[in-house]
Amino acid sequence: MATGMEKAVEAIPGRPLPHGILLNQCTDVRDVDDEHELLGTTWLALGCQPVNVWRDPCLTDESPGEESPGAPPQKEFHRPVTETAEPITVYAGAECSTMGWSYAEAREHAEASLELGEQEAVEAGFWEHHLSQVAENLTPPGGPVNIAQGVAALEGCLAESYGGVGTLHVPAGAAALLGCCNLAHRDADGSLSTLAGNCIVIGAGYSALNTGPGGIPADPGTAWLYITGPLVIRRGPVVTIPDRPGPSVAIRTNDRRVLVERTYVVATTCTVCAIQVVTCP
């Protein structure tokens, strides 16, 4: 309980989780200034169409006999799929009485709050507006599986549709379980990966939501895991509103308000799969 006798000191500093969506070494984060890129992006998917095996019928020992061989086999062609990514804007606002709190102090507080919390907010936005909206649910009819079975199913799903390195998305509340079966390994660059080589993102924002496809909440004692292709994240500059002291003061209440925000566009490719795993026996 505050008594009014306490000495004011600086805020306790914090650090975002090191394996989150923005700090993970295998996530491609690009700072951009082009406002059009920050309105959303579109591209032709690469790696989502199959690469087939061709067996030349002229080089086989099979003989058509007296029957007509019919039309010769043909090689297949596939049209590229168009994919899109929508913007996610995250913000932090600071409000306090103008007495003893300057515009510079309010701005500094809001900027520090954004720096600490923006990774969690981006994770939550990506989970809610993309992962849970497009994922294929692999949870068997019998219900949630253990985490090793879950990771295996997700990696199998990704491998069937995308031959490259993907990204396993794990809520922070389930991260400790990755160690039970040696599912996560620290690479030379400090990032985490699975035995198959897929990148692992451990998200505080994922843990805050913990919903499945269609926004289905996780059952008690369970968590949702997702897998996607690689991630490319476009990050805009930090914008401060207002950008000068005068407009930050509300004349009616004599309170000062300063808001800082930043826009991200989180893009991934090909299949998104999800599965519910058991976190508590």
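**Pockets and packing in a predicted model**

Buried residues account for 38% of the 281 residues in the protein, and the model is a predicted one.

Reader: What radius of gyration does the protein have, next to that of a compact globule of 281 residues?

Author: Start with the spans: the C-alpha trace runs about 100 × 50 × 35 Å along its principal axes. A compact globule of 281 residues would come out near 19 Å, whereas the protein has a radius of gyration of 25 Å.

Reader: And how many helices and strands are there in the protein's secondary structure?

Author: On contacts, take pairs at least 6 apart in sequence: 82% of them join residues at least 24 apart. As for the secondary structure itself, it comes to 3 helices and 15 strands.

Reader: OK, on to pockets. Which helix gives the most to the lining of the largest pocket?

Author: That pocket has a volume of about 520 Å³. Of the 20 residues lining it, the closest to its centre are Glu 108, His 109, Ala 112, Ser 113 and Leu 116. By class, the lining has 9 nonpolar, 4 polar and 7 charged residues. The most, 9 residues, comes from residues 103–134, that is, helix α1.

Reader: Which element supplies the largest share of the lining of the second largest pocket?

Author: Here the space is about 260 Å³, and among the 15 lining residues, Trp 43, Val 232, Ala 267, Thr 268 and Thr 269 lie nearest the centre. Two strands, β2 (41–44) and β11 (232–235), each supply at least two residues of the lining. The largest share is 4 residues, and it comes from β2.

Reader: How many charged residues are in the lining of that second largest pocket?

Author: Split the lining by class and you get 9 nonpolar and 4 polar residues. The rest of the split is charged, and that number is 2.

Reader: Let's zoom in on one glycine. Is Gly 150 buried or exposed?

Author: Gly 150 sits in helix α2, which covers residues 147–161. The cut-off for buried is under 20% relative accessible area. Gly 150 has 0% relative accessibility, so Gly 150 counts as buried.

Reader: Which residues does Gly 150 touch, leaving out those up to four places away in sequence?

Author: One partner is far off along the chain: Ile 275 is 125 residues from Gly 150 in sequence, yet their C-alpha atoms are 6.2 Å apart in space. With the residues up to four places away left out, the ones Gly 150 touches are Val 145, Ile 275 and Val 277.

How values were computed. Residues numbered from 1 in each chain as written. Predicted model: local features only at pLDDT ≥ 70, side-chain atom pairs only at ≥ 80, totals over all residues. Heavy atoms only, no water. 1 Å grid on protein atoms, 1.4 Å probe; cavity = no way out; pocket = protein on both sides within 12 Å on 5 of 7 lines; lining within 4 Å. Points joined across faces, edges and corners; volume = space filled by probe spheres on them. Nonpolar A, V, L, I, M, F, W, Y, C, P; charged D, E, K, R; others polar. Rg over C-alpha atoms; globule rule 2.2 N^0.38 Å. Buried < 20%, exposed > 50% of the residue type's maximum accessible area, 1.4 Å probe, protein only. Contact = heavy atoms within 4.5 Å.
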